[in-house]
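Here is a protein to explore, one piece at a time. Take a look at the sequence and the 3D view before reading on.

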Amino acid sequence: MHDIHFRPLTVDDVAEMSHIEHLSFSRPTSKEAYTNELVNNDRAFYYGLFDGEQLIAFGGYWLILDEGHVINIAVHPAYRRQGYGELLMRQVIVACMAQGAKKMTLEVRKHNTPAQYLYQKLGFIKSGIRPKYYDDPKDDAVIMWLDMLKMPSEGAE
Ligand SMILES: CC(C)(COP(=O)(O)OP(=O)(O)OC[C@H]1O[C@@H](n2cnc3c(N)ncnc32)[C@H](O)[C@@H]1OP(=O)(O)O)[C@@H](O)C(=O)NCCC(=O)NCCS
């Protein structure tokens with residue numbers, strides 16, 4: 001039985017964020033970098049999905065004027081393909097909109113099909129390529145944008 005809830009992350013969550021990060025990326029962001037984000041960057045906002053006490057997914061963005069720039073999203077491998085990445089992103093988008101954002105953008109590896117399908121499902125549209133943006137392995141970045149003003153509202157006819 002799962003007990004899923006969503007809340008903002010704090011420095012107390014960095015160890016668990018780092019655990020998921022290392023399970024998810026070839027070049028994981030360090031604990032120090034996440035600590036710095038959460039303590040010193042007042043434009044950075046990170047949220048997590050918890051199953052009881054356990055962090056199972058997290059994501060964050062920088063709010064720059066009226067744009068949310070997605071920094072990261074990752075789901076613990078044991079919890080993937082169960083709708084949690086989508087649930088997390090939907091909650092992150094709502095949180096970002098509530099802070100006044102009108103658009104969100106992100107970069108994703110050209111060969112990261114799961115993430116691209118997730119973002120497309122949420123309404124993100126491909127708008128460009130940054131060639132050879134990533135290392136380990138070398139890959140292009142696909143730039144995607146979500147226009148929140150064009151999103152269907154809940155309960156709309
Ligand atoms: C990308 C990621 C966050 C998806 O999380 P998830 O919880 O497994 O995704 P969900 O179960 O919520 O799936 C939502 C949608 O994403 C897409 N999707 C997710 N995994 C997929 C896969 N393996 N293949 C194809 N599409 C996939 C589908 O469109 C899916 O909708 P559907 O179930 O109606 O087909 C997860 O695979 C992950 O953490 N990957 C490693 C980290 C990463 O790449 N982060 C993105 C950095 S830009």
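## The core

Keep in mind that this is a predicted model. A good place to start is the inside: the largest nonpolar core has 32 residues, and Ala57, Phe58, Val92 and Met104 are the ones that touch the most other members. Several elements give two or more residues to this core: helix 1 (14–24), helix 2 (31–40), strand 2, strand 3, strand 4, helix 3, strand 5 and strand 7 (139–147). Helix 3 makes the largest contribution, with five residues. In soluble globular proteins, nonpolar side chains tend to be buried together.

Let's zoom in on Phe58. Leaving out residues up to four places away in sequence, Phe58 touches Leu9, Met17, Ile20, Tyr46, Tyr47, Gly48 and Ala74. Ala74 also shows up in another role: this residue of strand 4 stands opposite Phe58.

## The sheet

Now for the strands. Seven of them make an open sheet with mixed pairing, and their order is 1-2-3-4-5-7-6. At the edges you'll find strand 1 (4–8) and strand 6 (125–134), each of which pairs on one side only. On average, neighbouring strands in this sheet are turned by 25° against each other, if you ignore direction. As background, strands of a sheet pair through backbone hydrogen bonds, either parallel or antiparallel.

Let's walk through some of the pairs. Strand 1 and strand 2 run antiparallel to each other and share five bridges, and one of the bridge partners is Leu49 in strand 2, which goes with Phe6. Strand 2 and strand 3 are also antiparallel, over eight bridges; here Ala44 has Trp62 in strand 3 as its bridge partner. These two strands form a hairpin with two residues between them, and Gly52 in the turn has a positive phi of about 65°. Then comes the pair of strand 3 (residues 54–64) and strand 4 (residues 67–75), antiparallel over eight bridges.

## Out at strand 6

What does strand 6 pair with, and in which sense? Strand 6 pairs with strand 7 in the antiparallel sense, over six bridges. One bridge links Tyr134 to Asp139, which is in strand 7. The two strands form a hairpin too, with four residues between them, and Asp136 in the turn has a positive phi of about 50°.

How many of the 10 residues in strand 6 are buried? The count is zero, and strand 6 is hardly covered.

## Helix 3 and two of its residues

Helix 3 (residues 84–98) packs on the sheet and touches strand 1, strand 2 (44–51), strand 3, strand 4 and strand 5 (103–109). The direction of helix 3 makes about 35° with that of strand 3.

Let's check two residues of this helix. Met97 lies in helix 3, and Met97 counts as partly exposed because 16 other C-beta atoms lie within 10 Å. Leu87 is found in helix 3 as well; Leu87 is partly exposed because 15 other C-beta atoms lie within 10 Å. In case you'd like some distances to try in the viewer, Met97 and Thr29 are 68 residues apart along the chain, and their C-alpha atoms are separated by 26 Å. Leu87 and Thr10 are 77 residues apart in sequence and 20 Å apart in space, C-alpha to C-alpha.

## A buried glycine

Gly68 sits in strand 4. Is Gly68 buried or exposed? Gly68 is buried, because 26 other C-beta atoms lie within 10 Å, and the cut-off for buried is 20 or more.

Who are its contacts? Not counting residues up to four places away in sequence, Gly68 touches Tyr61, Leu63, Cys96, Ala101 and Met104. Met104 is also one of the core residues that touch the most other members. Lys31, by contrast, is 37 residues from Gly68 in sequence and 23 Å from Gly68 in space, C-alpha to C-alpha.

## Around the ligand

Last stop: the ligand. It is surrounded by 19 residues, and the closest are Arg80, Gly85, Glu86, Pro114 and Leu118. Strand 4, helix 3 and helix 4 (113–121) each supply at least two residues of this shell.

Which element gives the largest share of the shell around the ligand? That is helix 4, with six residues. Sorted by class, the shell has nine nonpolar, six polar and four charged residues.

Notes
Residues are numbered from 1 along each chain as its sequence is written. This is a predicted model: local features need pLDDT of at least 70, side-chain atom pairs count only at pLDDT 80 or more; totals for chains, interfaces and linings use all residues. Two strands pair if DSSP finds at least two bridges between them. Axes are lines fitted to C-alpha atoms, for helices over the stretch in contact, and angles run from 0 to 180 degrees between N-to-C directions. Two residues are in contact if their C-beta atoms, placed from the backbone, lie within 7 Å. A nonpolar core is a set of buried Ala, Val, Leu, Ile, Met, Phe, Trp, Tyr and Cys residues joined through C-beta atoms within 7 Å. A residue is buried if 20 or more other C-beta atoms lie within 10 Å of its own, exposed if 12 or fewer, and partly exposed in between; C-beta atoms are placed from the backbone. A residue is near a molecule or strand if its C-beta atom, placed from the backbone, lies within 6 Å of it. Ala, Val, Leu, Ile, Met, Phe, Trp, Tyr, Cys and Pro count as nonpolar, Asp, Glu, Lys and Arg as charged, and the others, Gly among them, as polar.
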